[in-house]
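Colleague: Got a minute to walk me through this one? I'd like to know what I can lean on before I set anything up.

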Amino acid sequence: SMEPINLELYIKEFETYFLSRTVTYYTKKSQIWLQTDTAPTYLRRVQTVLEEERSRALHCLHASTLPKLILVCQEELIDKHKSHLVHHQKCGMHFLLANE
């Protein structure tokens, strides 16, 4: 039988680093994707990322990590880019709705 997880150690030695690397990864990825994707394509990509991250977290990480992981992903992929996603001249939602 496995020993119960030492949550304090898990958070200190793994989770903090894991979440900070996740932020770095999706900061870079979002910048690349926003250069090539329209807003709807980008948002579909983000939805897929969130589903994949949730699935991986459920299988591989302590349950307490999931809400923190989803939060950092949403912040990096959506919250930081809301203005761009709405107002971008060629691919933002305003442009797409005005040119339907």
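**Confidence first**

Modeller: Sure. Confidence in the chain is lowest in helix α5 (residues 93-98), with a mean of 57, and highest in helix α3 (residues 65-77), at 97. Keep in mind that this is a predicted model.

Colleague: And what's the mean pLDDT of the chain?

Modeller: The mean is 87, and 83% of the residues reach 70 or more.

Colleague: OK, the fold. How many helices and strands does the chain have?

Modeller: Five helices and zero strands. Along the sequence the pattern reads α-α-α-α-α.

Colleague: What share of the contacts join residues at least 24 apart?

Modeller: Counting contacts between residues at least 6 apart in sequence, 65% of them do.

Colleague: How much of the chain counts as buried?

Modeller: 29% of its 100 residues. The accessible surface comes to about 7,100 Å², and carbon and sulfur atoms account for 58% of that.

Colleague: Which residues touch the most other members in the largest nonpolar core?

Modeller: That core has 19 residues, and the ones touching the most other members are Tyr26, Trp33, Tyr42, Leu69, Cys73 and Leu77. Helices α1, α2 and α3 each supply at least two residues of this core.

Colleague: Pick Tyr42. What does Tyr42 touch, leaving out residues up to four places away in sequence?

Modeller: Tyr42 touches Ser30, Trp33, Leu34, Asp37, Leu77, His81 and Leu85.

Colleague: Switching to charged side chains. Is Glu53 buried or exposed?

Modeller: Buried, because its relative accessible area is 8%, and the cut-off for buried is under 20%. Glu53 sits in helix α2 (residues 39-60).

Colleague: Which side chain does the Glu53 side chain make a polar contact with?

Modeller: The side chain of Arg56, at 3.2 Å. Leaving out residues up to four places away in sequence, Glu53 touches Tyr26, Leu69 and Cys73. Those three also turn up among the core residues that touch the most other members.

Colleague: Nice. Now Thr27, where is that found?

Modeller: In helix α1 (residues 7-36). Thr27 has a relative accessible area of 26%, so it counts as partly exposed.

Colleague: What joins the side chains of Thr27 and Glu76?

Modeller: A polar contact of 2.6 Å. Thr27 and Glu76 are 49 residues apart along the chain, with their C-alpha atoms separated by 5.8 Å.

Colleague: Remind me, which helix had the lowest confidence?

Modeller: Helix α5, with that mean of 57.

Definitions and conventions
Residues are numbered from 1 along each chain as its sequence is written. This is a predicted model: local features need pLDDT of at least 70, side-chain atom pairs count only at pLDDT 80 or more; totals for chains, interfaces and linings use all residues. Side-chain values use heavy atoms; hydrogens and water are left out. Helices (H or I, at least four residues) and strands (E, at least two) are DSSP runs, numbered from the N terminus. Buried means under 20% relative accessible area, exposed over 50%, partly exposed in between (1.4 Å probe, protein chains only). A polar contact is a pair of N or O atoms within 3.5 Å; within protein, one must be able to donate a hydrogen and the other to accept it, and residues adjacent in sequence count only if both atoms are side-chain atoms. Contact means heavy atoms within 4.5 Å. pLDDT is the predictor's confidence in each residue, from 0 to 100. Accessible areas come from the Shrake-Rupley method with a 1.4 Å probe; for residues, only the protein chains shown count as cover. A nonpolar core is a set of buried Ala, Val, Leu, Ile, Met, Phe, Trp, Tyr and Cys residues joined through side-chain atoms within 4.5 Å.
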